[in-house]
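Trainee: Could we go through this one together before I set anything up?
Mentor: Gladly; have a look at it first, and then ask whatever comes to mind.

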Amino acid sequence: MSPATTPASGKDFFKLHPIDFSKAYEKLFTRWGPQGWWPADTQIEIVAGAVLAQATSWKNAARAVANLKSRGLLEDTCDSLHALLELPLPELAEAIRPSGYFRQKSGRLHRLMRFLADNLGSPPWKIPTSQASQWRERLLNLNGLGPETVDSILLYGFDLPCFVVDAYTRRMLLRHGMISDQTSYEEIRFMFEDALPRRSEIYNEYHALIVRLGKEHCRRNACCTDCPILA
DNA sequence: CACCAGGCAAGTA
DNA sequence: TACTTGCATGGT
């Protein structure tokens with residue numbers, strides 16, 4: 001990890017002016033428009049998808065989601081939720097195999113659904129914005145749910161204003177010299193949340209646009225000279 | 001063949 | 001506290 005630890009010296013390190021979060025959002029949104037996240041038919045599909053998408057390609061996560069849907073296990077109903085909860089763990093694991101880490105994820109999925117069923121009843125679920133941070137903490141206490149997964153659930157599943165920080169976000173800020181390798185998740189989240197209106201609609205599009213930017217333009221250390229943020 | 005993809009937790013020193 | 005390793009699939 002030599003280049004990035006010595007900012008402004010490595011030849012493959014492009015020190016760019018810091019990002020103005022509001023302006024960058026406008027530019028990204030103007031270029032690409034609404035990204036339609038999270039692609040799903042039901043709320044529970046989003047929640048389950050957040051776990052299944054951990055450290056895997058979206059394509060593989062989508063296969064796992066499709067397997068569950070074909071068994072009728074991702075409807076926003078009491079019956080569907082209970083069927084999911086009663087499915088034996090090995091069988092659940094087998095169904096979600098394409099998403100990778102399937103033994104771990106089956107347990108994580110089950111614990112999450114158990115928690116939501118116990119505390120919020122049957123879907124569709126609702127959480128008041130005023131209670132977002134307290135539910136965030138409770139979800140973080142579940143084994144297998146880290147900050148990115150929890151924020152994805154709250155933002156995309158519950159429309160709560162929790163900004164999602166992922167590897168693309170980190171790379172983007174790192175490249176622009178705004179963070180170091182060891183800047184914490186929370187710190188980065190606050191950078192965005194402090195700079196933007198506290199609205200889930202904004203956070204929703206912004207995160208999706210960052211992912212798109214990362215996929216299409218900024219996969220590596222060097223930033224493209226035609227980066228839409230700069231243009 | 002190596003490396004990556006919308007992480008997280010447990011183990012080690 | 002700060003690193004390292006395990007978890008696992010499918011695509012390039």
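**Fold and DNA surfaces**

Mentor: To begin with the secondary structure, chain A of this predicted model comes to twelve helices and zero strands, so that reading along the sequence gives the pattern α-α-α-α-α-α-α-α-α-α-α-α.

Trainee: And how much of chain A is buried?
Mentor: Of the 231 residues in chain A, buried ones make up 28%.

Trainee: What about contacts, what share join residues at least 24 apart?
Mentor: If we take the contacts in chain A between residues at least 6 apart in sequence, 68% of them join residues at least 24 apart.

Trainee: Switching to the DNA, which residues are around strand C?
Mentor: Around DNA strand C there are Ala55, Thr56, Ser57, Lys59, Asn60, Arg97, Pro98, Gly100, Tyr101, Phe102, Arg103 and Gln104, and by class they divide into four nonpolar, five polar and three charged.

Trainee: Which helices supply them?
Mentor: Helix H4 (58-70) and helix H7 (102-120) each supply at least two residues of that surface, with H7 giving the most, namely three residues.

Trainee: OK, and which residues come nearest to strand B?
Mentor: There are 22 residues around DNA strand B, of which Gln54, Ala55, Gly146, Glu148 and Thr149 come nearest. The elements that give two or more residues to this surface are helix H9 (147-158) and helix H12 (200-216), and the largest share, four residues, comes from H9.

Trainee: How does the surface near strand B split by class?
Mentor: The surface near DNA strand B has nine nonpolar, nine polar and four charged residues.

Conventions
Residues are numbered from 1 along each chain as its sequence is written. Chains are lettered from A and ligands numbered from 1 in the order in which they are written. This is a predicted model: local features need pLDDT of at least 70, side-chain atom pairs count only at pLDDT 80 or more; totals for chains, interfaces and linings use all residues. A residue is buried if 20 or more other C-beta atoms lie within 10 Å of its own, exposed if 12 or fewer, and partly exposed in between; C-beta atoms are placed from the backbone. Two residues are in contact if their C-beta atoms, placed from the backbone, lie within 7 Å. A residue is near a molecule or strand if its C-beta atom, placed from the backbone, lies within 6 Å of it. Ala, Val, Leu, Ile, Met, Phe, Trp, Tyr, Cys and Pro count as nonpolar, Asp, Glu, Lys and Arg as charged, and the others, Gly among them, as polar.
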